[in-house]
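Colleague: I am new to this structure and would like a close look at a single part. Could you take one helix and its surroundings, and explain the terms as you go?

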Amino acid sequence: MSRPCYAQVDLEALRHNYRLAGELAPSAQAVAVVKANAYGHGAVEAAKALEPLAPALGVACIEEALELRHAGIQKPILLLEGIFSADEVAIASEEHFFLMVENLEQIEAIIQADIDQALHCWLKVDTGMHRLGLLPEQVDAALAVLKASPNVQPDIIMASHFASADELDNPSNAEQLRCFDKLIAECEQAQGLDQSLANSATILAHPSAHRQWLRPGFMLYGASPFTEDNENAAKLKPVMSLISEVISLRPIQSGERVGYGGKWQAERDSIIATIACGYGDGYPRHASNGTPVLIDGQEAPLVGRVSMDMITVDVTDIANVQLGSRAEMWGKNLCVNRIAEHAHTIAYELLTRMPARPPRVYQNEHPNREA
Ligand SMILES: Cc1ncc(COP(=O)(O)O)c(C=O)c1O
């Protein structure tokens, strides 16, 4: 017997979501973003599942890239924030890491490095997000310096990132695109270079920004980045299901309270099911009363505070709940976005903050030969 809480990870769903990105932008290539432990799903397993499909993988930093190399991943790996110190340039060159280049200090470190293998560089331009990237007016000179360096491969990729791609009507999307296109049109050094602008929301909803290289992250894990309905996002398949069981069932009388602080009070005689999954397992502590939980496929509301190891659910209105009944906190049958909404956060955070405690149980590690 062991504690019944685990995170099931369906690697065929992951591959399906990656393929969807390719179908939506058939002439582009897609770097599969597996940073932050593949958004909580397990970076090595996700990278192994995606490596046969993707020309490259994307991570945030060199430590994440080295973890993949040490696990046997051979494809190029893009460091989405580039180098954090000059000594990382030599490692990137030896290990075939692509570098996002986003400031003048990084450029200096790259051109000064003593390396044998020239690097693939992606030049990040700040088109309005004001987080990372060179200013548009710095780009021409920066490209000239990079192109003149034997340390840099000539096929530099021009990149930028949208601040609000998940907000379909936000005018900043068109403004950022206009800024980028104007820069490319006016910058002699940028002529003929490949471009990369598209994260998940852009891939799903902004085809004019697909260009040559996509960078899908969140969509790979099967939830929509949008709050409104989207036809393409509806084709995504959830990858992670957080599963556990009912470990205790008790009747309580009207007026009795449940959980730490007695914050929920029954308004009728009720049946409370306790499930072995709490904030120590990644369930959000701020999930409010009424957050849906699926018990043997039926929705019932969370009641009372979320504990470290358990949650309590009002199962008065659903039939046949027993000790051992299966509980799904989110996953294939209950969209993680609904839980995030009840917890006043986003599914990106819920997935990425999944702790190691619930074992990851991988399904479909090998592609179905008929698929
Ligand atoms: C530069 C860059 N590209 C791509 C991604 C992937 O974005 P998403 O997970 O929204 O697809 C990120 C994520 O933060 C990013 O920072």
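Modeller: What follows is a walk along helix α4 and then to a residue beside the helix. This is a predicted model, in which local features need pLDDT of at least 70 and side-chain atom pairs count only at pLDDT 80 or more, while totals for chains, interfaces and linings use all residues. Residues are numbered from 1 along each chain as its sequence is written, and side-chain values use heavy atoms, with hydrogens and water left out.

Helix α4 covers residues 62-70, where helices (H or I, at least four residues) and strands (E, at least two) are DSSP runs numbered from the N terminus. Within α4, Ile-62, Glu-64, Ala-65, Leu-66, Leu-68 and Arg-69 are buried, a word that here means under 20% relative accessible area, with a 1.4 Å probe and protein chains only. These buried residues pack against the helices α2 (35-39), α3 (43-50) and α5 (88-95), and also against β3 (56-59), β4 (77-79) and β5 (97-101). Just after α4, Gly-72 has a positive phi of about 100°.

One of the neighbouring elements, strand β3, contains Val-59, which is buried with a relative accessible area of 1%. Contact means heavy atoms within 4.5 Å, and, leaving aside residues up to four places away in sequence, Val-59 touches Glu-64, Ala-65 and Leu-68, along with Val-34, Lys-35, Ile-77, Leu-78, Leu-79 and Leu-80. Measuring from C-alpha to C-alpha, Val-59 and Ala-47 lie 10 Å apart in space, and they are 12 residues apart in sequence.

Definitions and conventions
Buried means under 20% relative accessible area, exposed over 50%, partly exposed in between (1.4 Å probe, protein chains only).
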